[in-house]
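The exercises below go through one protein chain, part by part. Each task is followed by a solution in steps.

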Amino acid sequence: MNGYTRGLAAVMAGALAVAVATPTPVLANKKEAAAVGALIGLAVGAAAASNYKNHDYRRSRWDDPFSPHHDILCYPRIGECYKYGQYSAKWTAKIYGY
């Protein structure tokens with residue numbers, strides 16, 4: 001996790017602790033409860049997307065093939081990616097930068 005994601009996770013944990021400790025009547029209004037739920041959902045989604053986006057597939061410990069997406073297979077030794085068994089210039093450029 002990067003620093004941004006850790007900070008977001010800490011804020012989320014704090015917000016969850018406050019929400020659990022807060023008496024029920026505070027969120028008695030359905031609109032307020034929906035707004036709080038939407039904010040929590042957006043924060044969790046942003047953290048998950050950030051974590052996936054910041055993963056650097058080029059920094060593999062081994063030269064084993066890996067799959068960054070469904071039906072995509074990348075080979076670090078040759079620096080190429082294949083989609084459905086055929087060379088994919090799009091995924092090769094996305095993963096290896098060329």
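**Exercise 1. Packing of helix 3**

Which strands do the buried residues of helix 3 pack against?

Solution. The coordinates come from a predicted model.

Step 1. Find the buried residues. In helix 3, which spans residues 89–96, these are Trp91, Thr92, Ile95 and Tyr96.

Step 2. Check how they are arranged around the axis. Viewed down the axis of helix 3, the buried residues fall within an arc of 105°, so they line one face of the helix.

Step 3. Look for their partners. The buried residues of helix 3 pack against strand 1 (72–75), strand 2 (80–83) and strand 3 (86–87).

Step 4. Turn to the other side of helix 3, where Lys90 and Lys94 are exposed.

Step 5. Look past the end of the helix. Glycine 97 follows helix 3 and has a positive phi, near 80°.

**Exercise 2. The sheet**

State the strand order of the sheet and the sense of pairing, and identify the edge strands.

Solution. Step 1. The sheet is open, has three strands in the order 1-2-3, and pairs them antiparallel.

Step 2. Strand 1 and strand 3 each have a single partner strand and stand at the edges, so one side of each lacks a neighbour in the sheet.

Step 3. Helix 3 packs on this sheet and touches strand 1, strand 2 and strand 3. The direction of helix 3 makes about 140° with that of strand 2.

Step 4. Take the pairing of strand 1 with strand 2 in detail. Four bridges join the two in the antiparallel sense. Leucine 73 stands opposite tyrosine 82 in strand 2.

**Exercise 3. The disulfide**

How many disulfides does the structure hold, and what is the handedness of the one formed by cysteine 74 and cysteine 81?

Solution. Step 1. The structure holds one disulfide.

Step 2. Apply the distance test, which asks for sulfur atoms within 2.5 Å. The sulfur atoms of cysteine 74 and cysteine 81 are 2.1 Å apart, and the two residues form a disulfide.

Step 3. Read the torsion. About the S-S bond of cysteine 74 and cysteine 81 it is about 105°, so the disulfide is right-handed.

Step 4. Check the surroundings: cysteine 74 and cysteine 81 are both buried.

**Exercise 4. Loop residues**

Is serine 88 buried or exposed, and is glycine 85 buried or exposed?

Solution. Step 1. The cut-offs are under 20% relative accessible area for buried and over 50% for exposed.

Step 2. Serine 88 lies in the loop between strand 3 and helix 3. Its relative accessibility is 9%, so serine 88 counts as buried.

Step 3. List the contacts of serine 88, leaving aside neighbours within four places in sequence. The residues in contact with serine 88 are then Cys81, Tyr82 and Lys83.

Step 4. Glycine 85 is placed in the loop between strand 2 and strand 3. Its relative accessibility is 65%, so glycine 85 counts as exposed.

Step 5. Compare sequence separation with distance in space. Glycine 85 and isoleucine 72 are 13 residues apart in sequence, and their C-alpha atoms are 8.2 Å apart.

**Exercise 5. Positive phi outside glycine**

What are the phi values of aspartate 71 and tyrosine 84, and where do these residues lie?

Solution. Step 1. Aspartate 71 is not a glycine, yet has a positive phi of about 65°. Aspartate 71 is in the loop between helix 2 (30–53) and strand 1. With a relative accessible area of 32%, aspartate 71 is partly exposed.

Step 2. Tyrosine 84, also a residue other than glycine, has a positive phi near 55°. Tyrosine 84 is in the loop between strand 2 and strand 3. With a relative accessible area of 61%, tyrosine 84 is exposed.

**Exercise 6. The whole chain**

Describe the chain as a whole and state where confidence is lowest and highest.

Solution. Step 1. The chain has three helices and three strands, in the pattern α-α-β-β-β-α along the sequence.

Step 2. Of the 98 residues in the chain, 18% are buried. Among contacts with a separation of 6 or more, 23% are between residues 24 or more positions apart.

Step 3. The mean pLDDT of the chain is 74, and 55% of the residues score at least 70.

Step 4. Confidence is lowest in helix 1 (residues 3–21), with a mean of 60, and highest in strand 3, at 96.

Notes:
Residues are numbered from 1 along each chain as its sequence is written. This is a predicted model: local features need pLDDT of at least 70, side-chain atom pairs count only at pLDDT 80 or more; totals for chains, interfaces and linings use all residues. Side-chain values use heavy atoms; hydrogens and water are left out. Buried means under 20% relative accessible area, exposed over 50%, partly exposed in between (1.4 Å probe, protein chains only). The arc is that of the directions from the helix axis to the C-beta atoms. Contact means heavy atoms within 4.5 Å. pLDDT is the predictor's confidence in each residue, from 0 to 100. Two strands pair if DSSP finds at least two bridges between them. Axes are lines fitted to C-alpha atoms, for helices over the stretch in contact, and angles run from 0 to 180 degrees between N-to-C directions.
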